[in-house]
Amino acid sequence: MFDFAIKAGSKADLYHDLHAALDALTADEPDAVANMANTAALIWEYLPDLNWAGFYRAVDGELVLGPFQGKAACIRIALGKGVCGTAAATRETQLVDDVLAFPGHIACDAASRSELVMPIVHDGRLIGVLDLDSPNPARFDAEDAAGCEKLVALIAARIAR
C-alpha cells in the first residue's frame, strides 16, 4: 500500500512530489501496463482540473489507447492526426491552450478545451504519448509541460519493456 504525501504548495513542489511518488511506485515493477496504469492514476489524483489523463501506445504505426483515467476515449489515432498524433509524429510536446483552434483536433470528449501531450521515446524508439486533457481553456503552461516531461523521462524505460 502506498500513501504519498503530495504537497499543496507551488506547482514546482507538486511536480517534485509527483515525480518522487511515481519513482517509488514504478521502480521495481517490470510490467509496462501496470506502470502506465499507476502513472495515469497518480496524475489523475494529484493534478487539478483534468478530465482525462492517460496513454496512447505506439503500435504498428499508429497510436492505440492504453491505460487512462477519465471517460471512454478514441481507441486509435493516426500518427500526425490531432494533438496526440502530432506529438507522436514530431516527437515534440504539444501544449494547446484551445483545442478547438488546433487544426485536425480529434474530439474524444467534447468537454475538453485544452490539452498537453508529451511523446514518450526510449532508445530512439517511440513508445507512445502521455495525454492530459482539461475542460478549462489554457489549463496547462510551460511549468506543467516541464513537470510532465520529467515524468515521461522517468517512466519511459519502465514502460518500454
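Biologist: In the hairpin of strand 5 and strand 6, which residue in the turn has a positive phi?

Modeller: This is a predicted model. Strand 5 and strand 6 form a hairpin, with two residues between them. Next to the turn, His122 has Arg125 in strand 6 as its bridge partner. The turn residue with a positive phi, about 50 degrees, is Asp123.

Biologist: How many bridges join strand 5 to strand 6, and how do the strands run?

Modeller: Strand 5 covers residues 114-122, and strand 6 covers residues 125-134. The two strands run antiparallel. The number of bridges joining them is nine.

Biologist: Which residue in strand 6 stands opposite Ala53?

Modeller: Strand 6 also pairs with strand 1, residues 52-59. Six bridges join these two antiparallel strands. Opposite Ala53 stands Leu132.

Biologist: How many of the 10 residues of strand 6 are buried?

Modeller: Buried means under 20% relative accessible area. Strand 6 is largely enclosed by the rest of the structure, because most of its 10 residues meet that test. The count is nine.

Biologist: Which element supplies the largest share of the largest nonpolar core?

Modeller: The largest nonpolar core has 32 residues; Leu18, Ile43, Leu130 and Leu132 are among those with the most contacts inside it. Helix 1, helix 2, strand 1, strand 5, strand 6 and helix 4 each supply at least two residues. The largest share is eight residues, and it comes from helix 4.

Biologist: How many residues are in the other core, the one with Ile77 and Val83?

Modeller: This core lies apart from the core that takes its largest share from helix 4. Its members include Ala88 and Leu126 as well as Ile77 and Val83. Its residue count is 16.

Biologist: Is helix 3 mostly covered or mostly open, and how many of its nine residues are buried?

Modeller: Helix 3 spans residues 82-90 and is mostly covered. Its buried residues pack against strands 1, 2, 3, 4, 5 and 6. Among the buried ones are Gly82, Gly85 and Ala87. The number buried is seven.

Biologist: Why does Thr86 count as buried?

Modeller: Thr86 is found in helix 3. Its contacts include Gly80, Lys81 and Phe102. Buried means under 20% relative accessible area. Thr86 counts as buried because its relative accessibility is 16%.

Biologist: Why can Cys148 not bond to the closest cysteine sulfur, in Cys84?

Modeller: Cys148 is buried, at 0% relative accessible area. Cys84 is buried too, at 5%. A disulfide needs sulfur atoms within 2.5 Å, and the whole structure has zero disulfides. The sulfur of Cys148 is too far from that of Cys84 for a bond, because the distance is 13 Å.

Biologist: Which residue in helix 1 meets Asp141 in a salt bridge?

Modeller: Asp141 lies in the loop between strand 6 and helix 4, so the pair ties together parts that are 130 residues apart in sequence. The closest N to O distance is 2.9 Å. Asp144, in helix 4, meets the same partner in a salt bridge. That partner is Lys11.

Biologist: Which other residue is linked with Lys11, Asp141 and Asp144 in a network of salt bridges?

Modeller: Asp144 is buried, at 1%, whereas Lys11 is partly exposed, at 24%. Asp141 is partly exposed, at 30%. The other residue in the network is Arg139.

Biologist: Which residue forms a salt bridge with Arg158?

Modeller: Arg158 sits in helix 4, and its partner is in helix 1, 135 residues apart. The closest N and O atoms are 2.8 Å apart. Arg158 is buried, at 14%, whereas the partner is partly exposed, at 30%. The partner is Asp23.

Terms used:
Residues are numbered from 1 along each chain as its sequence is written. This is a predicted model: local features need pLDDT of at least 70, side-chain atom pairs count only at pLDDT 80 or more; totals for chains, interfaces and linings use all residues. Side-chain values use heavy atoms; hydrogens and water are left out. Buried means under 20% relative accessible area, exposed over 50%, partly exposed in between (1.4 Å probe, protein chains only). Helices (H or I, at least four residues) and strands (E, at least two) are DSSP runs, numbered from the N terminus. Two strands pair if DSSP finds at least two bridges between them. A nonpolar core is a set of buried Ala, Val, Leu, Ile, Met, Phe, Trp, Tyr and Cys residues joined through side-chain atoms within 4.5 Å. Contact means heavy atoms within 4.5 Å. A salt bridge is a side-chain nitrogen of Lys or Arg within 4 Å of a carboxyl oxygen of Asp or Glu. Lists of a residue's contacts leave out its neighbours within four places in sequence.
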